[in-house]
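Student: I would like a close look at a single part of this model. Could you take me through the metal site, and then show how it sits among the domains?

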Amino acid sequence: MAILARPNKKMIVLGIETSCDETGVALYNTTAWEEGKPAFQGILGQGLHSQIAMHRDYGGVVPELASRDHIRRVLPLLDESLAQSELKLSDIDAVAFTQGPGLAGALLVGSAFAKSLAQGLNLPSIGVHHLEGHLLSPLLGQTVPQFPFIALLVSGGHTQLMKVSGIGQYQLLGETLDDAAGEAFDKTAKLLGLDYPGGAAISRLAEQGRSGIFDLPKPMLHSGDLDFSFSGLKTAVLNQVKKFAEKNITEAQEIKQFHADLARSFVDSLVAVLVSKSEKALKQTGCKHLVLAGGVGANLQLRSALNEKAKRNGFEVHYPPLELCTDNGVMIAFAGALRLLAENNGSSKSGAFDIKPRWDLASNNLK
Ligand code: KG4
Ligand code: ZN
């Protein structure tokens, strides 16, 4: 467990997440963390609304619709979180919100809401980096990683390998040069006729497919660095779809099997690259703990491949609870709470709605 810069500062932190298509609100009590108890015991209440159904017809997130929906949802979700926690607004000690990266309009809703509430209650507020929320969320799991650890962050917008030396101590080791892993899942899902966002659906489809039917590339597997590239993999899937279409096959079972086999090869390739680069990062840094975070962290094939490697190669893998893999308010309340416990954490009483749609995580390291 981390050594805290300023122990015994029990706080109840409200977290607000609105960076993309989930509105998340949660309340976190720092006492459990400060007393060295399992961190998940500090979760007091949470409310979450996913906009996926609203965006599905458009095949992706429509930013303006996302912003408007965050406005509609955030206040009822706060009421829900307070009711679950049996707390009042006056019990809150600080407000954390996702300051970036993400959709500008969506971030503005969370920032405006958090800052206004904090000003009204005369509380400090703190802007949290969305990816810090993801990469600290495994600390809320059943087995807690030891610092320093490697974080494999795989979401709809990011694919990164980070070295995490402590709270607010992050070093980027490698990242995707084009599509993020989740984006590759979603684009491939579309090619296979699945609804947005297709990550979980592809994963289920792949379970029915046979390995090795298609020889898809494993991009940058041997590049020698820790960067990724997934756009070529998606193009290879597109080429197979085109080839199959030329055959004019109409038999439903055959089409279904084709889709399942292709999904399987896609998942196998993507997982092979993610696992191999994660192992390389562990070897390169001497770390023995790996953390998997972000929406693609919910992928069961990736989890099982990492577990198998960990057993064989003597490292430990840690996951957030499954429901905290995708975007949520708990991870923002938690990351905000851990920052607030540290010195020079960047919290303020400023009312400015300052957001950072593009934001490098390491630039926000604690000094
Ligand atoms: O972290 P997240 O909720 O949002 C971002 O910050 O981007 O991640 C969403 C991404 C989507 O691309 C979605 O398809 C993917 O996570 N995803 C999955 C699974 N569940 C969600 N990808 C693969 N397998 C899953 N089970
Ligand atoms: Zn996310």
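Tutor: What follows starts at the metal and works outwards to the domains.

First, the ground rules. This is a predicted model, where local features need pLDDT of at least 70 and side-chain atom pairs count only at pLDDT 80 or more, while totals for chains, interfaces and linings use all residues. Residues are numbered from 1 along each chain as its sequence is written, chains are lettered from A and ligands numbered from 1 in the order in which they are written, and side-chain values use heavy atoms, with hydrogens and water left out.

Now the metal. Which residues coordinate the zinc ion (ligand 2)? They are His130 and His134, each through NE2, and Asp327 through OD. The distances run from 2.0 to 2.1 Å. Donors here are N, O and S atoms within 2.8 Å of the metal (3.2 Å for Na, K and Ca). Water is not among the atoms, so sites may look incomplete.

Next, the spacing. Along the sequence, the donor residues follow H-x3-H-x192-D. His130 and Asp327 are 197 residues apart, so the pair links distant parts of the chain. His130 belongs to helix H5 (residues 130-136). Asp327 is in the loop between strand S10 (316-318) and helix H11 (329-340). Helices (H or I, at least four residues) and strands (E, at least two) are DSSP runs, numbered from the N terminus.

Are these two donors buried or exposed? His130 has 7% relative accessibility, so His130 counts as buried. Asp327 has 12%, so Asp327 counts as buried too. The cut-offs are under 20% relative accessible area for buried, over 50% for exposed, and partly exposed in between (1.4 Å probe, protein chains only).

Step back to the domains. Domain 1 takes 12-137 + 325-364, and domain 2 takes 145-319. These bounds come from an automatic or database domain assignment. The C-alpha centres of the two lie 27 Å apart. Their contact (heavy atoms within 4.5 Å) uses 18 residues from domain 1 and 21 residues from domain 2.

How much area do domain 1 and domain 2 bury between them? About 1,700 Å², with 73% of it on carbon and sulfur atoms. Buried area is the accessible area (1.4 Å probe) that two parts lose on being put together, summed over both. On the domain 1 side, Leu131, Leu135 and Cys325 lose the most area to domain 2. Together these three make up 33% of what that side buries.
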